[in-house]
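Reader: Could you take me through the surroundings of the ligand in this one? I'd like a close look at that part, and then at how the rest of the fold is packed.

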Amino acid sequence: MAVLVTGCAGFIASHIAEQLLAEGHDVIGIDNFDPYYSEELKKQNLKELEKHKSFRFLNGSILDKELLKTVKDIEIVNHQAAIAGVRNSIENPTKYCEINVLGTVNLLEQFRDAEKFIFASSSSVYGEVNEIDLPCKESSQPKPIAPYGLSKLHAEQFCEMFTKVYGLKTAALRYFTVYGPRQRPDEAMCRFITSIFKGEPIQVYADGEQTRDFSFVKDVVQANMLAINRGQGIFNIGSGNRISVNNLVNLISSLMDKKVKIKYPGKQEGDVSHTLADITKAKKILGYEPKYSIEQGLKNHIEWIRTRV
Ligand SMILES: NC(=O)c1ccc[n+]([C@@H]2O[C@H](COP(=O)([O-])OP(=O)(O)OC[C@H]3O[C@@H](n4cnc5c(N)ncnc54)[C@H](O)[C@@H]3O)[C@@H](O)[C@H]2O)c1
């Protein structure tokens with residue numbers, strides 16, 4: 001099949017594109033090397049893809065309608081491009097609205113005759129959830145607390161609208177904190193492991209007792225592959241387990257066999273206390289089955305960072 005992968009030079013999309021090529025699909029990748037983090041890192045993410053004869057790369061923006069019009073005969077759209085980062089979204093809400101909402105609508109409009117449109121959504125749509133209401137179900141009331149989560153919620157709603165109005169099959173995958181090789185450098189896991197390798201203290205926000213459902217990137221890739229042929233609507237994509245940030249740091253420290261110095265600079269605006277996915281729906285309808293324990297995923301992630309520090 002011919003698949004358009006947006007944000008292809010990014011962390012998750014580069015893994016998805018590699019898997020699509022491995023399964024014999026033709027891939028067109030688009031990315032504008034948004035300066036949110038280093039262009040150099042994104043160019044490295046493309047290296048494996050560029051070796052493949054079924055891969056074509058477009059350096060440009062999903063906001064460029066004329067560029068999108070040049071992309072023909074796409075069967076599947078896998079839309080990962082976005083500006084991520086909850087805290088940054090509080091500083092730059094307009095940018096999140098433009099790229100994450102308008103960018104998604106541009107793609108929906110241009111590719112509304114595609115066979116399927118898969119959208120990378122986020123657990124951030126849920127906002128602050130009381131522990132008693134965990135795990136989050138797709139039917140839970142979304143209450144985002146930062147522009148990033150709100151932009152993802154609006155983009156999801158546009159997907160649903162295109163299903164109703166144009167009959168476009170869409171699946172929105174709500175990822176819960178994704179980690180693994182190539183993770184964005186601003187993400188906690190990447191910062192922790194890198195600092196420990198360098199012998200520097202790590203910064204844990206709030207008191208570290210906040211919990212997260214972490215998903216290994218290969219499990220997220222699996223969900224995207226399954227969504228090509230199955231399922232419409234919204235799906236939580238997580239591990240179904242959670243760990244406190246303090247316990248995560250202890251686990252990383254023991255896997256790396258290194259002592260860790262921790263600084264607690266305080267709570268960050270936009271950060272929620274807990275995340276935990278109910279993945280029953282994704283298991284039942286997509287056939288999704290996360291395969292990586294946090295220990296297995298972390299070992300992969302640590303080994304990848306070891307070769308780069
Ligand atoms: N990493 C996570 O934990 C996580 C969690 C929930 C949801 N998501 C979502 O998953 C997707 C991938 O996230 P990621 O962590 O790989 O982020 P990433 O920043 O590594 O990848 C996003 C890519 O999109 C590109 N991009 C940004 N604006 C663009 C534009 N206007 N046109 C074309 N390309 C553009 C960026 O240059 C980048 O390469 C995003 O939609 C993100 O919101 C990620």
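Author: Here is a walk from the ligand outwards, ending with a few backbone oddities.

Before we start, this is a predicted model: local features need pLDDT of at least 70, side-chain atom pairs count only at pLDDT 80 or more, and totals for chains, interfaces and linings use all residues. Numbering runs from 1 along each chain as its sequence is written.

So, the ligand. It has 30 residues around it, and the closest are G7, G10, F11, A82 and S122. A residue gets into that shell if its C-beta atom, placed from the backbone, lies within 6 Å of the molecule. By type, the shell splits into 17 nonpolar, nine polar and four charged residues. For that split, Ala, Val, Leu, Ile, Met, Phe, Trp, Tyr, Cys and Pro count as nonpolar, Asp, Glu, Lys and Arg as charged, and the others, Gly among them, as polar.

As for which elements do the surrounding, at least two shell residues come from each of α1, β2 (26-31), α5 (93-110) and β5 (116-122). Helix α1 gives the largest share, three residues. Those labels are DSSP runs numbered from the N terminus, with helices being H or I of at least four residues and strands being E of at least two.

Helix α1 turns up again in the packing. The largest nonpolar core has 87 residues, and the members touching the most others are V5, A17, V77, F117, L173, A223 and I237. Helix α1 (residues 11-22) provides the largest share of this core, seven residues. A core here is a set of buried Ala, Val, Leu, Ile, Met, Phe, Trp, Tyr and Cys residues joined through C-beta atoms within 7 Å. Buried means 20 or more other C-beta atoms within 10 Å of a residue's own, exposed means 12 or fewer, and partly exposed is in between, with C-beta atoms placed from the backbone. Take A223 as one of those core members: beyond residues up to four places away in sequence, A223 touches L173, I237, A282, L286 and Y288. Contact means that the two C-beta atoms, placed from the backbone, lie within 7 Å.

Now for A81, which sits in the loop between β4 (76-79) and α4 (86-91). A81 counts as buried because 26 C-beta neighbours lie inside 10 Å. Leaving aside neighbours within four places in sequence, A81 is in contact with T6, G7, D31, I62 and G103. A81 and I12 are 69 residues apart along the chain, with their C-alpha atoms 9.6 Å apart.

Helix α2 (residues 39-50) packs against α1, β2 and β3 (55-59) through its buried residues. Those buried residues are K42, N45, L46 and L49. Looking down the axis of α2, they fall within an arc of 95 degrees, so they line one face of the helix. The arc is that of the directions from the helix axis to the C-beta atoms. On the face turned away from that buried side, α2 carries the exposed residues E40 and K47.

On helix α6 (147-166), F158 is worth a glance. F158 lies in that helix and counts as partly exposed, with 19 C-beta neighbours inside 10 Å. Setting aside neighbours within four places in sequence, its contacts are T104, V105 and L108. F158 and V105 are 53 residues apart in sequence, yet 6.7 Å apart in space, C-alpha to C-alpha.

Helix α9 (residues 245-256) has 12 residues and reaches 16 Å from first C-alpha to last, close to the 16 Å expected at 1.5 Å a residue. That expected span is 1.5 Å times one less than the number of residues. The buried residues of α9 are V245, L248, V249 and I252. Down the axis of α9 they fall within an arc of 100 degrees, so they line one face too. They pack against α7 (188-198), β8 (202-205), β9 (211-212), β12 (243-244), β13 (262-266) and α11 (294-306).

Finally, the backbone. Most residues other than glycine have a negative phi, and most peptide bonds are trans. D257, which follows α9, has a positive phi near 55 degrees. D257 is exposed, with 6 other C-beta atoms within 10 Å. R182 also has a positive phi, about 80 degrees, although it is not a glycine. R182 is in the loop between β7 (178-179) and α7 and counts as buried, with 22 C-beta neighbours inside 10 Å. As for peptide bonds, a cis one joins L134 and P135, with omega about -5 degrees. P135 lies in the loop between β5 and α6.
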